[in-house]
Amino acid sequence: MPTIKKSVAMKSNTSKSVELKKPEIELGSEYCKVPNELLGTKLNPYLYGDNELFIRPFKTGEIRRISQITDDNSEELVNEVMSKVIKIKGDLTYNDIKSVDKLSLVFLCRTLTYPDPNFVINYTCDNEIEKEDKKDKKDKKVLCGASNKLHFDMEDVNIKYIKEDLGDKDFTFKTTKDITIKFRMPTIGDETLIEQHTDGMKHILKKEDKVLDEDILSIACIIEDINDEDLMKNIKGIYDYLNDLAPSDFIKLKSKFDKLHCGVDTIIKATCEECGGTVLVPVMFSSEFFLPEYND
Ligand SMILES: [Zn+2]
């Protein structure tokens with residue numbers, strides 16, 4: 001029968017790894033390789049295998065689109081635009097990028113888009129300075145309040161790196177009842193998964209007279225295995241398991257996640273031109289950040 005022949009032919013094909021290889025991506029000249037040092041994970045091979053990330057600057061339409069960011073649409077807009085500026089050499093897709101690296105990639109893309117130092121964002125100095133009071137001739141502390149301009153460069157951003165010798169042990173947890181829980185590093189795809197489950201879970205839990213704990217749901221979405229197969233059939237099963245876990249186990253599990261925390265700091269140290277003091281400037285995804293001022 002032809003169907004059998006077909007399946008045999010497919011089997012013989014799989015042994016030829018050359019035929020299964022993903023076609024090489026075509027990179028235009030505007031793409032550059034993402035330097036490992038700019039990502040919190042440093043593209044650790046345990047997390048990314050031998051995949052390589054490439055990025056190009058934003059195009060006008062893209063940066064104007066991403067500049068429309070609000071609290072409600074931030075994830076959607078960032079993913080829509082960033083999935084266009086990033087290319088991956090290897091078997092991973094945009095959704096497989098670890099969540100902790102996403103912000104670095106946005107910052108890097110922003111840096112590549114405006115390398116000219118005349119592109120600036122405004123900030124106000126909130127340092128307290130000593131100033132002589134005219135009435136009693138005594139020094140008093142007052143707010144500097146000077147307006148300054150800052151050129152954003154990825155090089156000035158503080159990055160916390162993940163430990164280098166990552167292994168299965170960092171993603172495995174044993175409860176006091178000797179149950180093994182395996183989890184993964186959250187990806188951009190997982191963020192979408194969490195969002196997709198949020199409303200449904202709220203609805204299901206409401207029927208049980210319970211309120212959704214979003215932190216527990218986020219963890220439930222990255223659990224790969226609990227050595228109890230029945231639980232793994234759906235998110236609700238994993239969620240209920242975590243919800244009923246002994247608090248001591250839950251805190252230990254959470255501290256395991258926290259150890260994996262890495263990535264860019266959203267606060268930049270700048271120097272005030274007026275008082276010379278150091279100002280901590282929070283970098284926020286705002287319209288002004290993506291469409292800075294040109295100060296010629
Ligand atoms: Zn100042």
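Strands β13 and β14 make a hairpin with 6 residues between them, and Gly276 in its turn has a positive phi of about 75 degrees. Strands here, like helices, are DSSP runs numbered from the N terminus (E over at least two residues for a strand, H or I over at least four for a helix). The model is a predicted one, in which local features need pLDDT of at least 70, side-chain atom pairs count only at pLDDT 80 or more, and totals for chains, interfaces and linings use all residues. Residue numbers start from 1 along each chain as its sequence is written.

Back at the hairpin, β13 covers residues 267-271 and β14 covers residues 278-282, and the two pair in the antiparallel sense over 5 bridges. Pairing of two strands requires that DSSP finds at least two bridges between them. Within this pair, Ile268 sits opposite Val281 of β14.

Now for the protein as a whole. Its secondary structure adds up to 11 helices and 15 strands. The C-alpha trace spans about 100 × 55 × 40 Å along the principal axes. The radius of gyration is 25 Å, whereas a compact globule of 296 residues would come in near 19 Å; the radius is taken over C-alpha atoms, and the globule rule is 2.2 Å times the number of residues to the power 0.38. Three domains are listed: domain 1 (21-116), domain 2 (119-156 + 279-294) and domain 3 (168-259), with bounds that come from an automatic or database domain assignment. Taken over C-alpha atoms, the centres of domain 2 and domain 3 are 42 Å apart.

How much of the protein is buried? Of its 296 residues, 21% count as buried, the label for a residue with 20 or more other C-beta atoms within 10 Å of its own (exposed means 12 or fewer, partly exposed is in between, and C-beta atoms are placed from the backbone). As for contacts, meaning residue pairs whose C-beta atoms, placed from the backbone, lie within 7 Å, 69% of those with a separation of 6 or more link residues 24 or more positions apart.

The largest nonpolar core has 23 residues, and Met82, Val85, Leu105, Leu108 and Cys109 touch the most other members. Such a core is a set of buried Ala, Val, Leu, Ile, Met, Phe, Trp, Tyr and Cys residues joined through C-beta atoms within 7 Å. At least two residues of this core come from each of α3 (45-48), α5 (74-85) and α6 (99-113), and α6 gives the largest share, with 5 residues. Setting aside neighbours within four places in sequence, Met82 is in contact with Leu105 and Val106. There is also a second, separate core of 15 residues, which includes Phe173, Ile219, Ile226 and Ile238.

Two open sheets are worth a look. One has 3 strands in the order β1-β2-β3, with antiparallel pairing; β1 and β3 are its edge strands, each pairing on one side only. Here β1 (residues 32-33) is joined to β2 (residues 52-55) over 2 bridges, with Cys32 opposite Ile55 in β2. On to β3 (residues 86-89), which pairs with β2 over 4 bridges, and Leu53 stands opposite Ile88 in β3.

The other sheet also has 3 strands, in the order β7-β4-β15, and its pairing is antiparallel. Since β7 (147-150) and β15 (293-294) at the edges each have a single partner strand, one side of each is left without a neighbour in the sheet. Strand β4 (residues 119-124) runs antiparallel to β7 and is joined to β7 by 4 bridges, with Tyr123 opposite Asn148 in β7.

Key:
Two residues are in contact if their C-beta atoms, placed from the backbone, lie within 7 Å.
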